[in-house]
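Student: Could you take me on a close look at the salt bridges in this model? I would like to see who pairs with whom, and how open to solvent the partners are.

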Amino acid sequence: MKDEGPWAEWIGRVEEGEDSIPPQTARALAATLDLDAAARAAAGIGPDGPLPPLWHWLAFLPEAPMAGLDADGHPRRGGFLPPVPLERRMWAGGKLRFHGELRIGETIHRRSEITRVSEKTGSTGRMVFVTVAHEISTPRGLAVSETQDIVYMPMPARFAPPPPTPAPADVAWRELVDIDSARLFRFSAATFNAHRIHYDLAYAVEVEKYSGLVVHGPLQAILLMEAARRRRGGAWPAGYAFRGLRPLFHDDTVSLIGGPEADGGQDLCTATGAGYVCMQARITWDA
């Protein structure tokens with residue numbers, strides 16, 4: 001993999017802005033995660049309450065008008081991100097450190113910088129990876145530092161998943177979670193994500209060649225985060241990293257899995273009914 005000349009001018013680009021996450025938006029995500037009124041109250045989901053880790057993804061939503069969307073539902077290429085001419089684009093993974101607290105309804109600042117654009121040729125053909133570093137802060141200081149990896153790929157002629165990674169046998173906990181088209185639609189709505197692979201079955205199957213609606217990577221990451229925190233009484237993590245290994249579909253049986261805790265952290269994953277890992281993650285704790 002190498003930093004690619006055609007996109008070199010995008011490296012170092014910076015974008016800054018301010019936003020907030022109103023209580024109704026936080027409540028919408030809580031409902032999508034199936035938190036009842038008692039669970040929302042216990043977590044403080046309300047005006048000026050603590051914003052749970054990863055829920056900052058409810059801020060800085062795409063503002064492109066309808067005329068500014070591509071056929072896949074994403075904002076048209078160009079602008080801050082490089083206009084990579086490959087049809088498929090997805091959030092492949094990321095790493096986060098949690099430094100301080102964010103609160104529901106408060107103004108937050110985000111500084112985003114493109115730190116790398118690289119190209120690789122593999123079994124699926126040409127792929128372009130874009131890494132973006134974000135710093136989320138409030139007047140109290142830095143709250144979250146994050147890197148996101150975005151990948152662009154050509155549209156395949158047919159669905160060809162990567163070789164399966166078996167789910168781990170040595171686990172501390174495992175829980176089933178209901179995933180269906182209604183939950184995917186709600187998550188798309190809460191995050192203002194119009195990518196059609198998550199709610200338009202005909203498009204997902206006929207155009208992008210998937211076998212069903214694709215479960216959002218960020219939704220899987222949040223479900224794993226929430227499951228791990230529940231088992232620690234709502235403890236706050238120090239860090240979190242995740243990456244997608246294979247697509248997860250709305251009509252599959254989905255398991256959330258946590259491995260044994262060791263060295264201040266825990267390996268997590270989502271798995272299909274056949275026992276294949278879809279997302280790998282690792283959460284770390286201060287204590």
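Tutor: Asp70 has a relative accessibility of 23%, so this residue counts as partly exposed. Keep in mind that we are looking at a predicted model. The partner to look for is Arg76: the two form a salt bridge in which the closest N and O atoms are 3.5 Å apart. Arg76 is also partly exposed, because its relative accessibility is 45%. The pair does not stand alone, since Asp70 and Arg76 belong to a network of salt bridges that also links Asp72, Arg77 and Arg89. As a reminder of the chemistry, side chains of opposite charge can pair when their charged atoms come close.

Now turn to Glu261 and Arg232, whose side chains meet in a salt bridge with an N to O distance of 2.9 Å. Glu261 sits in the loop between strand S9 (254-258) and strand S10 (265-271), while Arg232 sits in the loop between H5 and strand S8 (239-244), so this pair ties together parts that are 29 residues apart in sequence. With a relative accessible area of 44%, Glu261 is partly exposed. Arg232 is partly exposed too, at 29%.

Another pair to display is Arg103 with Asp48, a salt bridge whose closest N and O atoms are 3.4 Å apart. Here Arg103 comes from the loop between strand S3 (88-98) and strand S4 (108-122), and Asp48 from the loop between helix H2 (37-43) and S3, so the bridge ties together parts that are 55 residues apart in sequence. Arg103 counts as partly exposed at 22% relative accessibility, and Asp48 counts as partly exposed at 48%. If you want the full tally, a search of the whole structure finds 17 salt bridges.

Since H5 came up with Arg232, let us finish with a contact made by that helix. Helix H5 (residues 217-230) packs against helix H3 (residues 181-190) at an angle of about 100 degrees, with the axes 10 Å apart. That angle makes H3 roughly perpendicular to H5. On the H3 side, the contact is made by Arg183, Leu184 and Phe187, and on the H5 side by Pro218, Leu219, Ile222 and Leu223. Sorted by character, the residues of this contact are 6 nonpolar, no polar and 1 charged.

How values were computed:
Residues numbered from 1 in each chain as written. Predicted model: local features only at pLDDT ≥ 70, side-chain atom pairs only at ≥ 80, totals over all residues. Heavy atoms only, no water. Axes fitted to C-alpha atoms, helices over the stretch in contact; angles between N-to-C directions. Helix = DSSP H or I, 4+ residues; strand = E, 2+ residues; numbered from the N terminus. Parallel < 35°, antiparallel > 145°, perpendicular 65-115°, else oblique. Contact = heavy atoms within 4.5 Å. Nonpolar A, V, L, I, M, F, W, Y, C, P; charged D, E, K, R; others polar. Salt bridge = Lys/Arg side-chain N within 4 Å of Asp/Glu carboxyl O. Buried < 20%, exposed > 50% of the residue type's maximum accessible area, 1.4 Å probe, protein only.
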